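Please open the model in your viewer and keep the selection panel at hand, since each stop on this tour begins with something to select.

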Amino acid sequence: MRIGFVGTGTITEAMVTGIVGSGLDVTEILVSPRNQEIAARLSSRFPSVRIAKDNQDVVDSADVLFLAVRPQIAEEVIPALAFRAGQTVVSVIAATDRSKLLAWIREDVRLSQAIPLPFVADRQGVTAIYPPHSEIAAIFAALGSAVECETKEEYDLLAAASALMGSYFGILDRATGWLVEKGMSREKARAYLAPLFASLAQTAVSADGTPLEVLRREFSTPGGLNEQVFDDFDRGGGTRALTDALERVLSRVQG
Ligand SMILES: NC(=O)c1ccc[n+]([C@@H]2O[C@H](COP(=O)([O-])OP(=O)(O)OC[C@H]3O[C@@H](n4cnc5c(N)ncnc54)[C@H](OP(=O)(O)O)[C@@H]3O)[C@@H](O)[C@H]2O)c1
């Protein structure tokens, strides 16, 4: 399999790094010459990476083609390319829906959309894919895990949910800040809270048969401190703020 990338930026670098370290049967990875520095870094790090002559060279050489340019320039870049009928194309371009992409591509390609996250570099990223596509799902499964969406609605919901990353760090930061205000050093506060959050996230992943509601109760003694904090959060409008934020971001994702 030859994999190509049009747009060699942050997310391409993460995907290429993950693919090279995975067990996927990839003979060659083609990257477009922009960004020059990232393309050069990838080709010097990994013998299977070749810098293509231009974007069209990537399209012509790839069995599986990833479109990874920024949304603002997609309309300039994609219509200028000639695709092959039946070619497998995956767009990771945010906020650019399927009908727009197909109109720019013009050819009858097998188009998927995906939302890779930077963790794919370490093969620990979960990637939402739409529509289901076994070959593309297998690539992303090798970079962590893949969730295939049956409908655009499901895909949009996961796109909205992926916007929770900043809030994860935001809550960690606010809680750390509170400990600092109380007189603790920032280093010590973080050294405690970051592994605590990591262990909780790991529990949610590994105990995937246990409802989250049950986990919440398991980690909250009745009448205890954990129960008190969540009740205060809920009563103080935390759940409402979270739900409102997700609704607002979903509207934005849906355009
Ligand atoms: N970063 C993420 O975590 C992430 C996650 C999921 C999806 N995405 C999506 O992936 C896409 C790329 O994001 P990114 O974060 O990787 O952005 P990025 O770092 O800016 O990468 C985009 C790359 O496209 C290159 N480029 C500009 N003009 C081009 C052209 N005409 N032909 C080919 N390449 C060109 C840019 O090169 P120059 O530097 O030379 O301008 C840049 O390196 C976006 O649509 C984004 O929504 C990103």
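Begin by selecting residues 152-161, which form helix H7, in what is a predicted model. Helix H7 lies across strands E6, E7 (125-130) and E8, and the direction of the helix makes about 150 degrees with that of E7.

Now bring in the sheet itself by colouring the strands one after another in the order E3-E2-E1-E4-E5-E6-E7-E8, which is the order in which these 8 strands make up an open sheet with mixed pairing. The edges are strand E3 (49-51) and strand E8 (144-148), each of which pairs on one side only. If you look along the sheet, neighbouring strands are turned by 25 degrees against each other on average, with direction ignored.

From here, select E5 together with strand E6 (residues 110-115), two strands that pair in the parallel sense over 4 bridges; within this pair, Val90 stands opposite Ser112 of E6. Add helix H5 (residues 98-105), which packs on the sheet with contacts to both E5 and E6, and whose direction is at about 135 degrees to that of E6.

Keep Val90 highlighted and turn to the other neighbour of E5: strand E4 is joined to E5 (residues 88-91) by 4 bridges, again in a parallel arrangement, and here Phe66 is the residue that stands opposite Val90. Showing helix H4 (residues 71-77) between the two strands in sequence completes a β-α-β unit of E4, H4 and E5, which is right-handed.

One strand further on, select residues 2-6, strand E1, which pairs with E4 (residues 64-67) in the parallel sense over 4 bridges. In this pair, Gly4 has Leu65 of E4 as its bridge partner.

The next stop is the ligand. Which residues come nearest to the ligand? Of the 24 residues around it, these are Gly7, Gly9, Ile11, Asn35 and Ala94. Helix H1 (10-21) and H4 are the elements that give two or more residues to this shell, so it is useful to display both helices while you look at the ligand. By residue type, the shell divides into 14 nonpolar, 8 polar and 2 charged residues.Stay with Asn35, one of the residues nearest to the ligand, and inspect the backbone on its N-terminal side, where the peptide bond from Arg34 to Asn35 is cis, with omega near 0 degrees. Asn35 is found in the loop that runs between strand E2 (28-31) and helix H2 (36-45).

A second cis peptide bond is worth selecting for comparison, namely the one that joins Tyr130 and Pro131, with omega at about -10 degrees. Pro131 has its place in the loop between E7 and helix H6 (134-141).

Two further loop residues deserve a look at their backbone angles. Select Ala95 in the loop between E5 and H5: although Ala95 is not a glycine, its phi is positive, at about 50 degrees. Is Ala95 buried or partly exposed? Because Ala95 has 13 C-beta neighbours inside 10 Å, it counts as partly exposed, given that a residue is called exposed at 12 or fewer and buried at 20 or more.

Then select Arg123, which lies in the loop between E6 and E7 and which also carries a positive phi in a residue other than glycine, in this case near 55 degrees. Arg123 counts as partly exposed because it has 17 C-beta neighbours inside 10 Å.

For the last individual residue, go to Asp231 in helix H11 (residues 225-235). Asp231 is exposed, because 11 other C-beta atoms lie within 10 Å. If you draw a distance line from Asp231 to Asp63, the two C-alpha atoms are 53 Å apart in space, while the residues are separated by 168 positions in sequence.

Finally, clear the selection and view the whole chain, which contains 12 helices and 8 strands. The C-alpha trace spans about 65 × 40 × 35 Å along its principal axes, and 25% of the 255 residues count as buried. Of the contacts in the chain with a separation of 6 or more, 49% are between residues 24 or more positions apart.

Conventions:
Residues numbered from 1 in each chain as written. Predicted model: local features only at pLDDT ≥ 70, side-chain atom pairs only at ≥ 80, totals over all residues. Pairing = 2+ DSSP bridges. Right-handed = clockwise from strand over helix to strand, strands pointing away. Near = placed C-beta within 6 Å. Nonpolar A, V, L, I, M, F, W, Y, C, P; charged D, E, K, R; others polar. Axes fitted to C-alpha atoms, helices over the stretch in contact; angles between N-to-C directions. Contact = placed C-beta atoms within 7 Å.
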